[in-house]
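Here are some friendly notes to read alongside the model. They go through the open and enclosed spaces, the record's annotations and a handful of residues.

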Amino acid sequence: MIQVPISFLPHGEGLPLPERATPHAAGLDLRAALPEGEAWTLAPGERRLVPTGLVMAIPEGYEGQVRPRSGLALKHGVTVLNAPGTIDADYRGEVAVVLVNHGTAPFTLARGERIAQFLLAPVPAWEWRPERTAAALGETQRGGGGYGSTGKS
């Protein structure tokens, strides 16, 4: 079991630790650490950095990933703008979530609301191996075909 040290900042105290909504959920829910009794409204097209009140120490060789919640996306058009957001192993600042409202109606957010999912993912150590020519990279069935080159179905 990998352990990730985590701590609440003062404005996050009283919120639960990120947790899975169901036993087999891949992501743990991050919550908005807004001031008590305060609500933020995202107008259509607006984006905002939402604090979680959390700081953590991601283990070396891993990254934290901040991903959208599917229910917010489907029901309200609200998603994580830079999805997936990456939390590097050497970052020790507050985890925050860039939310954007792609919906057609304002979206109101309150303290403790589940705003995103957090996943821990391995990041293998790697480096570039320069080749003299593109042909040295080898052939594949797709080759250099870009966007849409594999067809619709």
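1. Let me begin with the make-up of one lining. In the second largest pocket, the lining residues divide by class into nine nonpolar, three polar and one charged. Please keep in mind throughout that this is a predicted model.

2. How big is that second largest pocket? Its volume is about 160 Å³. The lining consists of 13 residues, and V66, N82, T86, I87 and A96 are the closest to the centre. Two elements, β7 (85–87) and β8 (95–101), give two or more residues to this lining. The top contributor is β8, with four residues.

3. The largest pocket deserves its own look, with a volume of about 440 Å³. It has 14 lining residues, and I2, V4, R20, L28 and F118 are the ones nearest the centre of the pocket. Which element gives the most to this lining? That is strand β10, residues 114–122, which supplies three residues. Sorted by class, the lining of the largest pocket has 12 nonpolar residues, one polar and one charged.

4. Now to the annotations. An unreviewed UniProt entry carries the annotation "domain: dUTPase-like" over residues 16–151. In the model, that stretch is 37% strand and 5% helix. The C-alpha atoms at its two ends lie 45 Å apart.

5. The UniProt record, again an unreviewed entry, also gives a "binding site" feature at R69, S70, G71, N82, T86, I87 and D88. Do these positions gather at one spot or spread out? They do not all gather at one spot, because the farthest two C-alpha atoms are 26.5 Å apart, over a span of 20 residues in sequence. Of the annotated residues, N82, T86 and I87 are included in the lining of the second largest pocket.

6. Two of the annotated positions are worth a closer look. G71 belongs to helix α1, which runs over residues 70–76. Its relative accessibility is 26%, so G71 counts as partly exposed. N82 sits in the loop between β6 (78–80) and β7. At 43% relative accessibility, N82 is likewise partly exposed, because exposed would require over 50%.

7. There is also enclosed space to consider. How many cavities of 30 Å³ or more are there? The count comes to one. The largest cavity has a volume of about 40 Å³. Around it are F8, L15, P16, L17, P18, D29, L30, R31, T52 and L54. Both β2 (28–31) and β4 supply at least two of the lining residues, and β2 has the largest share, with three. By class, the lining of this cavity is made up of seven nonpolar residues, one polar and two charged.

8. One of the residues lining that cavity is T52, found in strand β4, residues 47–56. Is T52 buried or exposed? It counts as buried, because its relative accessibility is 1% and the cut-off for buried is under 20%. The side chain of T52 reaches the backbone oxygen of V95 at 2.5 Å. Leaving aside neighbours within four places in sequence, T52 is in contact with L15, L30, R31, A33, E94, V95, A96, V97 and I115. Of interest for point 2, A96 is one of the residues closest to the centre of the second largest pocket.

9. N101 also merits a check in your viewer. This residue is part of strand β8, the element that gives the most to the second largest pocket's lining. With 0% relative accessibility, N101 counts as buried. Its contacts, with neighbours within four places in sequence left aside, are L42, A43, P44, G45, E46, H76, G77, V78, P106 and F107.

10. Finally, a word on E19. It lies in the loop between β1 (6–8) and β2. Its relative accessibility is 38%, so E19 counts as partly exposed. Not counting residues up to four places away in sequence, E19 touches G27, L28, D29 and R31. Of these, D29 and R31 are among the residues that line the largest cavity. How far from G143 is E19? The C-alpha atoms of the two are separated by 42 Å, with their positions 124 residues apart along the chain.

Terms used
Residues numbered from 1 in each chain as written. Predicted model: local features only at pLDDT ≥ 70, side-chain atom pairs only at ≥ 80, totals over all residues. Heavy atoms only, no water. 1 Å grid on protein atoms, 1.4 Å probe; cavity = no way out; pocket = protein on both sides within 12 Å on 5 of 7 lines; lining within 4 Å. Points joined across faces, edges and corners; volume = space filled by probe spheres on them. Nonpolar A, V, L, I, M, F, W, Y, C, P; charged D, E, K, R; others polar. UniProt positions renumbered as here; feature names shortened; annotations may be inferred. Buried < 20%, exposed > 50% of the residue type's maximum accessible area, 1.4 Å probe, protein only. Polar contact = N/O pair within 3.5 Å; in protein donor to acceptor, adjacent residues only side chain to side chain. Contact = heavy atoms within 4.5 Å.
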